[in-house]
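Below is a briefing for a reader who has not met this structure before. It goes through the structure topic by topic.

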Amino acid sequence: MPSVDSVRVAVRVRAFNQTEKDAGCGCIISVALNSVTIWDPRNQSNAKTFTFDLVYWSHSGFIRNEEGILIPDGPTSKYADQKRVFNDLGQELLSNAWQGYNTTLLAYGQTGSGKSYSMIGYGPDRGIIPLTCDELFKAIKQDQEDDKQYQIYFSMLEIYNEKVIDLLSERKQPGGLRVRESSQRGFYVEDIKSVPCENYEQIEQLMKEGTRKRSTASTNINMTSSRSHMIITVQFKQVFLKEHLTKQSNINLVDLAGSERQKSSGSEGDRLREGTAINVSLTTLGNVISALAETAMGKRMLHVPYRNSTLTKLLQPALGGNSKTLMIATVSPADICYEETLSTLRYAERTKNIQNKAVINENPTERLIQELKAENAKLRLKILKIRNSGQRVQEETEELRSLLAENELQMAEIQTSWEQRLEKAQKEWKHQYLNLMQERLMIQLYPYLSNVNVDPQLSAFVRHFIQDGECVVGQSGNFPRAIVIKGLGIADKHATITNQDSKVTLEPHGQARVILNGVLIHTKVQLRHLDRLILGSNSTYLYVGYPCERNDEDLSKYDYDFFQSELAAVEGFDRDALGHASRNNRSVDPSVLAVFHDYIRVKPMVAEANQISRELNKDLTFELEVKNLALTDSRGSDLAKEVMVKVTNKVNYEVWAWSKAKFVNRKFIMEDMYQRFVDGENISVDRENDPFWDPIEAVHLGTAYVWLQSLNYCIVLEEHVEFHNSQGKEEATLQMNLVPCNPRGQPLGEEEILIDPTELVGHRLDFQVQITQCLGIKWVEKNIKRGIQILYHVLNHPYSFHSDPVWNTVNAKIDHTMQFTVKCVSQELLNYLQNHALVLDLWGLQEGCAEMVFPGDFEVTDEGSIIVDYERSQLPHSSNVEKGDDQLSELYIRLSKLEQETDLLRDINRTLRRDNVTLKANIKKMMSAGSRPGEKSFHQMNTQLFCWRSTCKASCEVDFAKALKTFYKSMNRVQSQLLGLRRHRPPDEDDVESLRIYLHKQTQGIKDFGDHLESCINALKNDISLIVKKKRENTTRLDEARFYSTK
């Protein structure tokens, strides 16, 4: 009877890595018994709890012992070490195997979540796979009997881009191994090498060899380990000689590809999102798990898509089939990994619903031989019928003959004795042992280059030893002494390394790309211990010096991210370029860190894409940029940043902007095309399937800001503002006006300027956006056949507004006017206008791209003005303000004080107006008292006084309105200066003179800003002082006049 069991799922929470520690990341996960709770870092009240069979807390509460193994730091520690994880999962695998069940362990998690550490381990801290294999041999050694025989076979394969690679075979495998299907075995890999093993040391060596091959392959562009699946199969046979009984178990240990960090708006928008097989396996695995989970919950599923990917074909027994299956899902507790961690937990939760039907595999060999014989008889009969019928079906006959020959080969392999296989394997062991001893000797004698891989598990497996004399580094091995390195951008003769008198030098050949410690070099240099080398596009190596230079350093700190961060820093890009640290703890904003991490991971991929483009003559260049690096929202707060890739055609100068997800997707298709090119295959494809082609589209060039507070006072604003691109560089200058007007579109005069904005509350507000011209357009300067359009949003209106397109001119006359109406002004709107800007986006048009058009269904007033009624609930959300350095922070404080002073002046004005009302009431009272005989009528005198007072009041209010108008025009320039300072970035060059010039400009800019701000404040204070003085003088004269009139 089959054993019906659900997949058992464990979740392991890893410790922070060094990057997360440096960023001051917060922990968003807690565990209790078998449950995991995760909080949204942006909303702590949004928490989700999941329950699993096993939960491991490996985040804190640990120390490293003398052997270098992480263990709990005390009896009360919750820390789950490698031994505890093995005792649960590894021992369950072994228990299933001893009973004769097939058993599988799946490891799933995002890249860098601790998946490979749990499965393989690091250094002396061994993971589940080595501990399970070691424990199996220990148990066999303790259970030796004359009537029992134990046979263990080991195989190791990798699935990448739907191709199966045998990691233990020395043969070339163009196109990968075939996955076949038979009624006896189900899906299996044809010609996979399965090595008999007598002890754990042999399995350990095989794992090293397999990892070495995986690491070597990953230096070529067609292998990215984080996107590949590794399957280790330990076939365990128990032969009971007296009973003529055999129990067989296949122990499958599967390290699944990492889940990449993607934006939801990424590759799904790419027309070629299905063009690469790189994502097929994980996507199909998710579909299979979902279908099986739904079936287990009672829903009828007509189809489970096992056949849609290579991975799911091979895992069919483990998912709903003949296997007892476990899964370990590894997660990061860092707040910057919230989306990925939540996705992993949901994935694991679905998996635990799957039910398998495992059976004990007894006498499988004899049964398989009988089934193969029966199938061969059927195949021979089919071939005979085809011959007798006289038909000439060559392809069908060849396929049947192939199946027949394969079955015969399988039977011969099965009937080969255990002893014969061991004898064959022993010859290979001797050869591998000699190579291992020679490598250990070379490490003690010579310096060497050690590979550094994006996957830490694949680093330090490839060593190129530098012996005395001269050797050539490059693709070709046709030199007396050569270090052969395969990879993109590596020339046949790339560089020369010379070891003379215990000094090692390196000299690039011609224009070969060699980067030493982040710096591109062209001349001979001496290598020093722990120097970092990048050869070609992205072949990374650590130079390890002579044994006398080594001091037992921790080489693991020089990982892939270290290399790329160093390179980015030398080129002028680091975390400070993305955002400033907190003033309190100097920690980096998590979102900024995530973008920086994306940047250093995508940067080498961009270098590889450029190299592929050159070799395939595609005429495209790729340039890595950070979207919104120097742009802000309508309130001046920094926008969310993300990595993007600018693509340019070198022939016709067409430009595209690709998201990170789209670029990564295209890059994998490019790799596949390039590999076929290297293999001599035809790579011609139609345009729709070419990863290097895209339809022409409009390109976002830059953004300009026009502050809206002048509308609060009904002041006309005439602005000259610059469009700046994502990097803060000027793209064009815009001339535009923001004009308060009446419903008929006539501009308001100076006499209608408001001193107190609250007078607008409850009333209608009309204004026009007038865009007159755009000057000095650099986009068109580069190619006169281009054009531009300007897009902007007004308040919370659901549609954007566009100017008409203008083509073929660097200085574009636009003459765009649009009138808008707020039917009822609220205090919330006044607050919004006081603190926000109108954001205008400059879009570049190219020949063949679609122009932007209006939707045309706006709600308008009777006069034809577009209604943009403001609702607070639809207020555009501002991103979190990223604080500047100390100098800019001080300037912000001064601006805040200025706003407070302005509010104080408004209060003074309100007080003066109240005084006017009191005076008016007193005059009316005196008028009602009458006049004395023989004197001028009191009514006439007070009428004159009232007219005089009204004239004085109007004069003062006009003066105040003019002062405010002058002040806000000046403040617009101040705010533009502030934005310019925030955009100002250090130069890419690393020479002292460029840095000195930058520092001088920055210092002068801050000084000019401060002086201009001080001038604005002083001018306003002086104007207000004169107005107040004038008002007091008028009040005094009025009092005197009233005094004399009463006598």
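Arg 84 is partly exposed, because its relative accessible area is 36%, which falls between the 20% limit for buried and the 50% limit for exposed. The model is a predicted one. Arg 84 belongs to helix α2. The C-alpha atoms of Arg 84 and Tyr 56 are separated by 8.9 Å, with the two positions 28 residues apart along the chain.

**Helix α2**

- Helix α2 covers residues 82-99, which makes 18 residues.
- At 1.5 Å a residue the expected span of α2 is 26 Å, and the end C-alpha atoms are 25 Å apart, so the two values agree.
- A kink of about 30° is found in α2, and its centre is Asp 88.
- The buried residues of α2 are Gln 82, Val 85, Phe 86, Leu 89, Gly 90, Leu 93, Leu 94, Asn 96 and Ala 97.
- An α-helix has 3.6 residues a turn, so residues three or four places apart point the same way.
- Gly 100, just after α2, has a positive phi of about 95°.

**Strand β6 and its partner**

- Strand β6 is made up of residues 54-57.
- Leu 54 and Tyr 56 point one way from β6, while Val 55 and Trp 57 point the other way.
- All of these β6 residues are buried.
- Strand β2, residues 8-13, runs parallel to β6 and is joined to β6 by 4 bridges.
- Opposite Trp 57 in β6 stands Val 13.

**Aromatic pairs**

- The count of aromatic pairs is 17.
- One of them joins Phe 50 and Phe 52, a stacked pair with 6.4 Å from centre to centre and 20° between the planes.
- Phe 50 has a relative accessible area of 5% and is buried, and Phe 52 counts as buried at 4% relative accessibility.
- The rings of Phe 573 and Tyr 599 also pair: their centres are 3.7 Å apart and their planes lie at 15°, so the pair is stacked.
- This pair links distant parts of the chain, since the two residues are 26 residues apart.
- Phe 573 is in the loop between α12 (560-570) and α13 (575-578), and Tyr 599 is in helix α14 (residues 590-615).
- Both Phe 573 and Tyr 599 are buried.
- Phe 767, Tyr 792, Phe 801 and Phe 820 make up one aromatic cluster.

**Charges over rings**

- Which residue lies over the face of Trp 57? Lys 78 does, at 4.8 Å from the ring centre.
- Arg 786 lies over the face of Trp 779, at 3.7 Å from the ring centre.

**Cysteines**

- A disulfide is a covalent bond between the sulfur atoms of two cysteines.
- How many disulfides are counted here? The count is 0.
- Cys 741 is in no disulfide, and the nearest cysteine sulfur, which belongs to Cys 714, is 9.8 Å away.
- A disulfide would need the two sulfur atoms to be within 2.5 Å.
- Cys 741 counts as buried because its relative accessibility is 4%.
- Cys 849 is also buried, at a relative accessible area of 9%.

Notes
Residues are numbered from 1 along each chain as its sequence is written. This is a predicted model: local features need pLDDT of at least 70, side-chain atom pairs count only at pLDDT 80 or more; totals for chains, interfaces and linings use all residues. Side-chain values use heavy atoms; hydrogens and water are left out. Buried means under 20% relative accessible area, exposed over 50%, partly exposed in between (1.4 Å probe, protein chains only). Two strands pair if DSSP finds at least two bridges between them. Rings of Phe, Tyr and Trp (its six-membered ring) pair if their centres lie within 6.5 Å; planes under 30 degrees apart count as stacked, over 60 as edge-to-face and the rest as tilted. A charge sits over a ring if NZ of Lys or CZ of Arg is within 6 Å of the ring centre and within 35 degrees of the ring normal. The expected span of a helix is 1.5 Å times one less than its number of residues. The bend at a residue is the angle between axes fitted to the seven residues ending there and the seven starting there.
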